[in-house]
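Welcome, and please take a moment to look over the sequence and the structure below. We will walk through them together, one part at a time.

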Amino acid sequence: MPDPIDISILSRREFVAAGAAAAAFAPFVARAEDPAPGAPLPSQKFKDDFARITGSATPVEGKITVDLPETAENGNFVPITIVVDSPMTDTDYIKAIHLLSTENPAAHVATFHLSPVNAVARVQSRMRLAKTQDVVVLAEQSNGEMLISTTRVKVVIGGCGI
Amino acid sequence: MAANPRIKLPETAAIGDVIEIKTLITHVMETGNRHDKTGKPIPRDIIHAFVAKFDGREVFRAEFGPGISANPYLAFHMRVPGPGIFEIAWTDDHGVTTVATAQLKLI
């Protein structure tokens, strides 16, 4: 199993800055669907990556279950499980799962490519979150349709080397 | 530098079973956004590609960005088509590929 993350690699200044950033964003716990005034906005990189991945498809909500902590104590290490409800047959399966972050310096976190041999569309990994933000999962179906799920995660100490 | 690649499979499986394959590798996953003590940027160094083959056939593939945590962990599933060996390859920004293999034991 993984080695514990060594937060001592952060200098004191980085640590204080990370704490201040987390505190500054703490009030913004509203859901993405009803953005509160002053809520964090998706980065341009997120918008670009989102547009590149979705192409001409209009993502619809549903069928995706994303397991993420409501509050991540350490943004360097946030466990994530993604499950997409799909029969995963030769004619109806999930081709790809894209993982995006609305406010990390690099919006595209990962893409997982699947096929019917996987039998279930379920992946598990660990991600970094620079600050409180939305985690967006896009699932590409074999018929070209796109599914979407958005999860807000509150981050106490940011990751991504801020 | 990638080190210590690990693959965890169920002890045994039967043909037709859906099994979980857990993988882990030791790697710093340097984002490229950090600076050293002198203010010099630390260059990006991440594992950006993951390919899993079973019996020579690709069964799962992933691309990673800097948003994947250090020591990347990844788990996925597969329906067992028969006996075989998993071959998993992690490729970093230097173009270095680390490969691990694991035999799936059938009952």
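A:Pro79 stands opposite A:Arg126 in E7(A). This pair belongs to a longer match: strand E4 (residues 78-84) of chain A and strand E7 (residues 121-127) of chain A run antiparallel and are joined by seven bridges. Strands here are DSSP runs marked E of at least two residues, numbered from the N terminus, and two of them pair if DSSP finds at least two bridges between them. A word on what you are viewing: this is a predicted model, in which local features need pLDDT of at least 70 and side-chain atom pairs count only at pLDDT 80 or more, while totals for chains, interfaces and linings use all residues. Residues are numbered from 1 along each chain as its sequence is written, chains are lettered from A and ligands numbered from 1 in the order in which they are written, and side-chain values use heavy atoms, with hydrogens and water left out.

Now step back to the sheet around these strands. Six strands make an open sheet with antiparallel pairing, in the order E2(A)-E4(A)-E7(A)-E5(B)-E2(B)-E1(B). At its edges lie strand E2 (64-67) of chain A and strand E1 (3-8) of chain B, each pairing on one side only.

Where else do strands of the two chains pair? E6(A) and strand E4 (residues 57-64) of chain B do so in the antiparallel sense, over four bridges. Within this pairing, A:Thr111 has B:Glu63 in E4(B) as its bridge partner.

Next, follow the contact between the chains, where contact means heavy atoms within 4.5 Å. Chain A gives 32 residues and chain B gives 32 residues. Between them about 2800 Å² is buried, with carbon and sulfur atoms giving 51% of it; buried area is the accessible area (1.4 Å probe) that two parts lose on being put together, summed over both. Of the area that chain A buries against chain B, A:His113, A:Val117 and A:Arg128 supply 23%, more than any other three residues.

How many salt bridges join chain A and chain B? The count is one, where a salt bridge is a side-chain nitrogen of Lys or Arg within 4 Å of a carboxyl oxygen of Asp or Glu. B:Glu20 forms it with A:Arg122, and their closest N and O atoms are 3.5 Å apart. This pair crosses from strand E7 of chain A to strand E2 (residues 18-26) of chain B. Over all chains, the whole structure has nine salt bridges.
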